[in-house]
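The following exercises are to be worked through with the sequence and the model in view. Each task is followed by a solution in steps.

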Amino acid sequence: MSQQHTDIKIQGDDYEDADEEEEEEEPRLKYQRMGGSVPSLLSNDAATCLAVAQRMIALGTRNGSIHILDFLGNQVKEFPAHTAAVNDLCFDVEGEYIGSCSDDGSVIITSLFTEEKLKFDYYRPMKAIAVDPYYAKRSSRRFVAGGLAGHLYINTKNWIGYRDQVLHSGEGPIHAVKWRTNLIAWANDAGVKVYDSANNQRITFIERPRGSPFPEILLPHLVWQDDSLLAYNLLYEQAYIPGEEDREKEFSDSVPLRQANAQRPEVRVVTWNNEELATDALPVHGFEHYKTKDYSLVHSPFSGSSFAGGQWAAGDEPLYYIVSPKDVVIAKPRDAEDHISWLLEHGCHEKALAAIETVKGRSELIDEVGSRYLDHLIVERKYADVASLCPKLLRGSTSAWERWVFHFAHLKQLPVLVPYIPTENPRLRDTAYEVALVALATTPAFHKDLLSTIKSWPPVIYSVMPVIAVIEPQLNSSSMTDALKEALAELYVIDAQYEKAVALYAELMKPNVFDFIEKHNLHDVVREKVVQLMTIDSAKNNCDSRYFLHMYLHSLFEANPHAGKEFHDMQVELYADYDPKMLLPFFRSSQHYKLEKAHEICLRRDLLREQVFILGRMGYAKKALSVIINKLGDVEEAVDFVSMQHDDELWDELIRQCLQKPEMVGMLLDHTVGNIDPLYIVNMVPNGLEIPRLRDHLVKIITDYRTETSLRHGCNDILKADIINLLIKYYKEARRAIYLSNEEDEVRAKRNDSNGSQFTERSLSMKNMEVKSKVRAGGRCCVCFDPFSLQNVSIVVFYCCHAYHLTCLVESANSVNDNKKSKATSQEVVSYYESDHSDAGESDNDNTSSGAPQMRCILCTTAAGWV
């Protein structure tokens with residue numbers, strides 16, 4: 001894999017490389033110089049080592065001080081630990097204790113939150129220290145340390161006190177030591193060894209590669225990646241970050257081995273196969289004066305949960321600290337926003353936009369990318385691309401939309417943006433929409449777009465008057481187009497100027513102008529534009545002015561047949577030309593046309609039925625009949641025509657003309673049934689005349705006659721039966737009388753008769769009748785002639801309209817029946833009327849046979865018999 005070498009500019013630094021690269025590659029890491037208290041601390045001192053815990057950073061200096069910093073570089077605590085340079089620092093896992101070693105031969109364990117401090121002297125420079133990861137929790141309080149003496153000590157607290165034990169010696173100075181769980185790894189001149197502190201035994205040895213630099217020139221480094229993976233290299237200080245392919249890459253920093261003309265230190269990104277992916281040269285302060293061992297690379301603590309399966313979880317990549325005597329540089333993997341920012345800095349706007357759409361970054365970053373990309377396209381004059389991207393990049397920002405609307409207007413490219421301008425969410429100021437419409441109106445190529453925009457935009461978002469003021473001066477100019485006229489008409493409609501709008505619609509010959517006139521009641525306005533409006537319909541039917549005249553007269557005639565009577569002669573000819581089927585109804589309805597001229601027109605146009613009607617109206621019935629027989633050949637119509645004329649001679653003429661065509665004789669026989677005796681026609685047929693299918697026609701005539709006769713007999717029988725039934729019904733009804741009782745009779749009826757309830761209801765409903773208006777004798781009894789109102793007596797009213805007091809009627813009836821010895825009492829009469837006698841026929845027969853006395857009207861023969 002090819003190496004990518006990049007000169008890096010640290011964030012916040014003003015350094016620029018004098019050498020320009022032909023093509024700059026995007027770096028894998030981003031760098032930031034640690035600020036806070038670090039610059040002031042190192043101004044009078046020099047950094048020698050650095051350790052990182054979960055919550056803090058420890059910085060060791062050349063004068064023996066240890067500075068506790070936060071992650072921004074601000075000093076939290078300082079304590080002078082040693083009298084010489086601090087060579088190594090180490091935190092426990094909890095970050096409560098820190099161990100340090102120095103060239104003064106001392107090892108110090110310091111509590112960061114208490115006053116506890118332990119110092120151990122070994123009288124030779126100590127180069128490496130590792131504190132038990134669980135130092136704060138375990139009572140053994142163990143640590144390991146080593147130095148130039150070549151001994152690796154493990155110090156343990158027991159019941160007597162602290163005791164040192166030599167784990168290893170005799171293979172040169174101890175250069176590095178790392179402790180993870182129960183495993184202790186250290187490096188010396190021979191290589192790397194690993195010791196299991198739980199089982200008190202060595203478990204592996206890694207020999208130093210041959211030909212590698214001496215440790216005095218380039219120190220070896222150890223890194224526990226996890227509980228079972230140890231990274232060791234004599235050439236590079238290593239760390240782990242996710243890569244692009246196998247996601248197993250390493251960091252390293254190194255400088256050339258030559259000490260003369262020192263160059264900038266390099267941070268190299270390599271894979272586990274030691275393939276370099278990138279090399280970044282860092283402009284640290286004073287790099288010209290430093291040696292290789294003056295630099296060190298430290299990483300933030302690895303999290304076992306983050307480093308699963310050999311790969312870091314997203315967002316959990318550790319930070320790296322490049323330490324030099326006068327500088328501390330923080331390195332971290334570049335994220336998506338860094339990638340986007342780098343693309344923007346190098347003019348890759350389209351790639352930046354694609355990247356930000358993928359990662360869905362911060363809205364501020366999206367706005368920045370969008371704005372810079374649009375500006376870039378504007379510089380390249382790709383206005384259509386800018387317009388199409390505005391909805392996606394500007395989104396719901398009202399101010400951004402308005403800024404770009406006016407920017408496009410300034411560039412005279414606003415018509416390109418108009419289709420994308422939002423009308424809601426967000427809604428812009430009225431001025432923005434008006435400027436857009438004016439831009440379309442002043443450019444003939446966009447007049448159609450103006451029309452579609454006016455139809456699609458809600459009218460409430462802009463004022464129409466500024467746009468109308470721009471379009472109206474163009475009405476009589478060469479720049480006026482039909483689309484612009486229609487757009488102006490739409491604006492007039494929005495502004496309720498319907499008269500001006502209908503004028504433009506008529507001029508443009510829009511078919512919907514008629515609906516528009518009806519909707520807004522503009523009939524008075526369009527009087528002078530009748531021809532123009534009628535021309536609109538002609539565009540569909542290819543009609544001329546005579547057709548318009550025909551349509552107008554036809555509509556006028558339908559509205560008022562007498563309104564244009566002086567034009568009916570003209571209308572006859574127009575009907576004949578454009579709508580012949582309406583000519584015959586017109587002949588029948590109108591009386592204001594000349595028959596001769598109408599007949600001439602019908603002859604010229606060969607309108608046969610119209611000729612028949614005109615000839616009949618002129619009195620030339622025989623000529624009309626001749627047209628029907630000879631030209632139409634319609635015998636049925638000829639029969640109908642003759643029947644309407646009521647002329648017997650015309651029947652003879654019809655028969656004579658049909659005899660000239662034998663095939664019509666049979667048809668005549670079929671259609672004259674009911675109008676003329678078929679025998680009359682048969683007698684007029686000359687002997688020897690051959691008539692096609694005469695037998696069939698005669699059979700049909702006889703059959704029809706028999707059917708007609710049978711129907712007549714049946715109708716007569718039904719009529720007679722109905723008459724008899726109606727007479728019987730009338731006779732029975734006429735024999736009845738109405739009984740009107742008083743209140744005393746009603747009470748007596750309720751007490752004496754179980755059927756009285758029904759009668760009472762009927763009498764109560766009838767007792768308030770106005771007898772005076774219903775009977776003869778002016779509301780008086782026909783026997784005693786007293787008014788009914790004077791006596792509180794029941795009344796009997798016959799259907800002959802004679803009325804009597806019940807007592808008067810009974811006395812008169814008894815006087816008549818004295819000879820028969822059959823008298824009726826008032827109670828019998830009342831009981832008769834109270835009884836249910838719906839079956840009149842049976843009651844009459846029973847009463848007659850029983851010999852009950854009959855009651856009749858005294859003044860006439862109408863009887864009310866006892867039932």
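## Exercise 1: The protein as a whole

The protein exposes about 46,200 Å², and carbon and sulfur atoms supply 50% of that area. The model is a predicted one.

**Task.** State how many helices and strands the protein has, and what share of its residues is buried.

**Solution.**
Step 1. Count the secondary structure elements: the protein contains 31 helices and 34 strands.
Step 2. Turn to burial. Of the 867 residues in the protein, 45% are buried, where buried stands for a relative accessible area under 20%.
Step 3. Consider the contacts with a sequence separation of 6 or more. Residues 24 or more positions apart account for 48% of these contacts.

## Exercise 2: Cysteines

**Task.** Determine how many disulfides the structure has, and examine C101 and C781.

**Solution.**
Step 1. Recall the bond in question: a disulfide joins the sulfur atoms of two cysteines covalently.
Step 2. Apply the cut-off, which asks for two cysteine sulfur atoms within 2.5 Å. A search of the whole structure gives zero disulfides.
Step 3. Examine C101. The cysteine sulfur nearest to C101 belongs to C49 and is 7.4 Å away, and C101 is in no disulfide. With a relative accessibility of 0%, C101 counts as buried.
Step 4. Examine C781. Here the nearest cysteine sulfur is that of C784, at 3.7 Å, and C781 is likewise in no disulfide. C781 counts as buried because its relative accessibility is 0%.

## Exercise 3: Salt bridges

**Task.** Give the number of salt bridges, then describe the pairs K137 with E94, D103 with K127, and R138 with D132.

**Solution.**
Step 1. Begin with the principle: side chains of opposite charge can pair when their charged atoms come close. The rule used here requires a side-chain nitrogen of Lys or Arg within 4 Å of a carboxyl oxygen of Asp or Glu. By this rule there are 19 salt bridges.
Step 2. Take K137 and E94. Their closest N and O atoms are 3.3 Å apart, and the two residues form a salt bridge. K137 lies in the loop between β11 (126–131) and β12 (143–147), while E94 lies in the loop between β7 (86–91) and β8 (97–102), so the pair ties together parts that are 43 residues apart in sequence. K137 is exposed, at 61% relative accessible area, whereas E94 is partly exposed, at 31%.
Step 3. Take D103 and K127. This salt bridge has its closest N and O atoms 3.1 Å apart. The pair links distant parts of the chain, for D103 is in the loop between β8 and β9 (106–111) and K127 is in strand β11, 24 residues apart. D103 counts as partly exposed at 32% relative accessibility, and K127 counts as partly exposed at 27%.
Step 4. Take R138 and D132. The side chains meet in a salt bridge with an N to O distance of 3.2 Å. R138 is partly exposed at 28% relative accessibility, but D132 is buried, with a relative accessible area of 0%. Salt bridges that share partners bring D132, R138 and R142 together in one network.

## Exercise 4: Two helices in contact

**Task.** Describe how helix α8 and helix α9 meet, and which residues take part.

**Solution.**
Step 1. Locate the helices: α8 spans residues 430–441 and α9 spans residues 447–456.
Step 2. Consider the axes, which come within 8 Å and cross at roughly 145°.
Step 3. List the residues. From α8, L437, L440 and A441 meet H447, D449, L450, T453 and I454 of α9.
Step 4. Sort the residues of this contact by class: five are nonpolar, two are polar and one is charged.

## Exercise 5: Buried residues in helices

**Task.** Identify the buried residues of helices α20 and α2, and describe the glycine after each helix.

**Solution.**
Step 1. Recall the geometry: an α-helix has 3.6 residues a turn, so residues three or four places apart point the same way.
Step 2. In helix α20 (residues 621–632), the buried residues are A621, A624, L625, V627, I628 and I629. Just after α20, G633 has a positive phi of about 65°.
Step 3. In helix α2 (residues 336–345), D338, I340, W342, L343 and L344 are buried. G347 follows α2 and has a positive phi near 80°.
Step 4. Add S341, which is found in helix α2 and counts as partly exposed at 29% relative accessibility. S341 and V369 are 28 residues apart in sequence, with their C-alpha atoms 8.4 Å apart in space.

How values were computed. Residues are numbered from 1 along each chain as its sequence is written. This is a predicted model: local features need pLDDT of at least 70, side-chain atom pairs count only at pLDDT 80 or more; totals for chains, interfaces and linings use all residues. Side-chain values use heavy atoms; hydrogens and water are left out. Buried means under 20% relative accessible area, exposed over 50%, partly exposed in between (1.4 Å probe, protein chains only). Axes are lines fitted to C-alpha atoms, for helices over the stretch in contact, and angles run from 0 to 180 degrees between N-to-C directions. Helices (H or I, at least four residues) and strands (E, at least two) are DSSP runs, numbered from the N terminus. Contact means heavy atoms within 4.5 Å. Ala, Val, Leu, Ile, Met, Phe, Trp, Tyr, Cys and Pro count as nonpolar, Asp, Glu, Lys and Arg as charged, and the others, Gly among them, as polar. Accessible areas come from the Shrake-Rupley method with a 1.4 Å probe; for residues, only the protein chains shown count as cover.
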